[in-house]
Amino acid sequence: MGALLEYGALLALLAAALLLLAAWRQRRGVRQGAAGRATADPAAAARLAHADERAAAADRDAAILVELVGVGAVRVAPDLTVTAANEAAHRLVGRKPGTMAGRSVLEAFTDHHVEEIARTALTAGSALGEISVRIEQGPTLLARARRTSGGDVWLVLEDVSELRRLQRIRTEFIDNLSHELRTPLTTVSLLAEMLAADADSLPPKAAERVARIEVETGHLAQMVNELMDLSRIESGVAAVVVDDVDLGRLAASTADRLRLFAERHDVALDVVVAPALPVVRGDRERIGQALLNLLHNAVKFSPAGSAVTVRVTSAETEVIVAVEDHGQGIPRTALPRIFERFYKVDRARTRGAGGTGLGLSIARHIVEAHGGRIWAESEEGLGSTFSFAIPLAGPNLAATPGG
Ligand code: ADP
């Protein structure tokens, strides 16, 4: 967090310096014109000379700052030639100082991704991407590009190797841990089940405790399974099967899987599918799991006697699935955080419901792995609508043979 803040501060400083530089360059252009006309007035000429000195000093300051910051800063002309690059940029991409300016972006970085990022920023205004430098143990760089008012592009490079390494370690740790936990948990779960089956022969208090053990081990087993799912999806190990998916049919079959659960909660489940829905490309089982998680929550947080509706519609470039409930809703402050792993709005409120706080996180990963997006709208006390959209042009997912 501290490192991130430091990066933020450095980036802000760098941005300020660059702005200063750009503003001064513009002013200088105007002033040079004015100076040509105003030399007849000695006082005005002196003022202009002084202003020029100050601007030159600001220029030098900005240049020092650009060199000083740890992030790489590269300026790219509209013809995709590097016109300036600081020392950090050379270091990050493993080049000798002074060997980037004058080359094309492709030559300077030997990576077509960077060229793509610069090109996108030139046309769209800004772009973001992650690149791995192709030298032995080269860093992973986050590249942010922004078009300047003068039509050039500033490319800022941040080394995120350590962050990515830690994320990988965390994912592997969770995966190993959940693997280790699964076997003893399954045994405890089975034993609790057997005890519960003999509840009649137990004193009432003991029977009640056995029932609680059975429920809680069930929750634990669910959490471990979800943790394993999440780490697999996050690390990309989970096989992605690419197929034509009819999201209307998928919504109907997923709702059917939850019908018993909904009946037990006295919640009606409706599915409304728009006609002539196009299919999307994706992994049916995984998208079904994402929808199941949303539906499960919707029923879980709905009052008895209310209804949950799944709507499937198509837009120009995507198919949208929305799950609407009339439950307790989510406070505005919590809304931006609910897709984080383990996040629960109010632990006391959801304790009885026995969730793990992982369901939405899993849903988000699945949807994003399909190049889609997921979001939630909610009014506290009135209900929530969770939606996701899967693009019609499928992502570049490698098909898993026979999967
Ligand atoms: P959980 O397993 O706890 O349901 P999720 O990741 O699925 O974990 O959800 C995270 C939290 O978001 C829940 O604990 C709950 O506080 C809130 N939440 C999710 N869906 C709804 C909903 N439909 N209505 C109200 N709150 C919800």
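**Exercise 1. Find the residue of S12 that stands opposite Asp325, and describe the pairing of S10 and S12.**

Solution. In this predicted model, Asp325 stands opposite Ser384, which belongs to S12. The two strands, S10 and S12, pair in the antiparallel sense, and eight bridges hold that pairing. S12 also has a second neighbour to consider, since seven bridges join strand S11 (residues 373-379) to S12, again with the strands running antiparallel. Within this second pairing, Trp375 has Ser387 of S12 as its bridge partner. S11 and S12 form a hairpin with three residues between them, and Gly381 in the turn has a positive phi of about 90°.

**Exercise 2. Decide how many residues of S12 are buried, and sort them by the way they point.**

Solution. Begin with the count, which is nine of nine residues buried, so that S12 is described as mostly covered. Next, recall the general pattern: in a regular strand the side chains alternate between the two faces of the sheet. In S12, Gly383, Thr385, Ser387, Ala389 and Pro391 point one way, whereas Ser384, Phe386, Phe388 and Ile390 point the other way, and the residues of both sets are all buried.

**Exercise 3. Identify the aromatic pair of the structure, classify its geometry, and state which parts of the chain it ties together.**

Solution. The structure holds one aromatic pair, and its members are Phe339 and Phe386, with 6.1 Å centre to centre and 70° between the planes. Because planes over 60 degrees apart count as edge-to-face, the pair is edge-to-face. Phe339 lies in the loop between strand S10 (318-325) and helix H11 (347-350), while Phe386 lies in strand S12 (residues 383-391), so the pair ties together parts that are 47 residues apart in sequence. As a last step, consider the accessibility of each ring-bearing residue: Phe339, at 12% relative accessibility, counts as buried, and Phe386, at 8%, counts as buried too.

**Exercise 4. Write down the strand order of the open sheet of five strands, and explain which strands stand at its edges.**

Solution. The order is S2-S1-S5-S4-S3, with antiparallel pairing. Strand S2 (82-85) and strand S3 (126-132) stand at the edges with a single partner strand each, so one side of each is left without a neighbour in the sheet. From one strand to the next, the twist averages 20°. Inside the sheet, strand S4 (residues 140-147) and strand S5 (residues 153-159) run antiparallel and are joined by seven bridges, and Arg144 stands opposite Val156 in S5. Finally, helix H5 (residues 112-124) packs on the sheet, where it touches S3, S4 and S5, and its direction makes about 175° with that of S3.

**Exercise 5. Place Val82 in the fold, and state whether it is buried or exposed.**

Solution. Val82 is found in strand S2. Its relative accessible area is 1%, and it is therefore buried. Leaving aside residues up to four places away in sequence, Val82 touches Val74, Arg75, Met100, Ala101, Gly102, Arg103, Ser104, Val105 and Ala108. One of these residues, Arg103, is 21 residues from Val82 in sequence and 5.7 Å from it in space, C-alpha to C-alpha.

**Exercise 6. Describe how helices H6 and H7 cross, and classify their relative direction.**

Solution. The axes of helix H6 (residues 161-197) and helix H7 (residues 204-235) come within 8 Å and cross at roughly 155°. Since angles over 145 degrees count as roughly antiparallel, H6 and H7 are roughly antiparallel to each other. The crossing of H6 and H7 is left-handed.

**Exercise 7. Compare the backbone and the surroundings of Thr110 and Ala276.**

Solution. As background, most residues other than glycine have a negative phi. Thr110, although not a glycine, has a positive phi of about 40°, and for Ala276 phi is positive as well, near 50°. Thr110 lies in the loop between helix H4 (105-109) and H5, and with a relative accessible area of 53% Thr110 is exposed. Ala276 is placed in the loop between strand S7 (268-273) and strand S8 (280-282), and it is exposed, with a relative accessible area of 78%.

Terms used:
Residues numbered from 1 in each chain as written. Predicted model: local features only at pLDDT ≥ 70, side-chain atom pairs only at ≥ 80, totals over all residues. Heavy atoms only, no water. Phe/Tyr/Trp six-rings, centres within 6.5 Å; stacked < 30°, edge-to-face > 60°. Helix = DSSP H or I, 4+ residues; strand = E, 2+ residues; numbered from the N terminus. Buried < 20%, exposed > 50% of the residue type's maximum accessible area, 1.4 Å probe, protein only. Pairing = 2+ DSSP bridges. Axes fitted to C-alpha atoms, helices over the stretch in contact; angles between N-to-C directions. Contact = heavy atoms within 4.5 Å. Parallel < 35°, antiparallel > 145°, perpendicular 65-115°, else oblique. Left-handed = near helix turned anticlockwise from the far one by under 90°.
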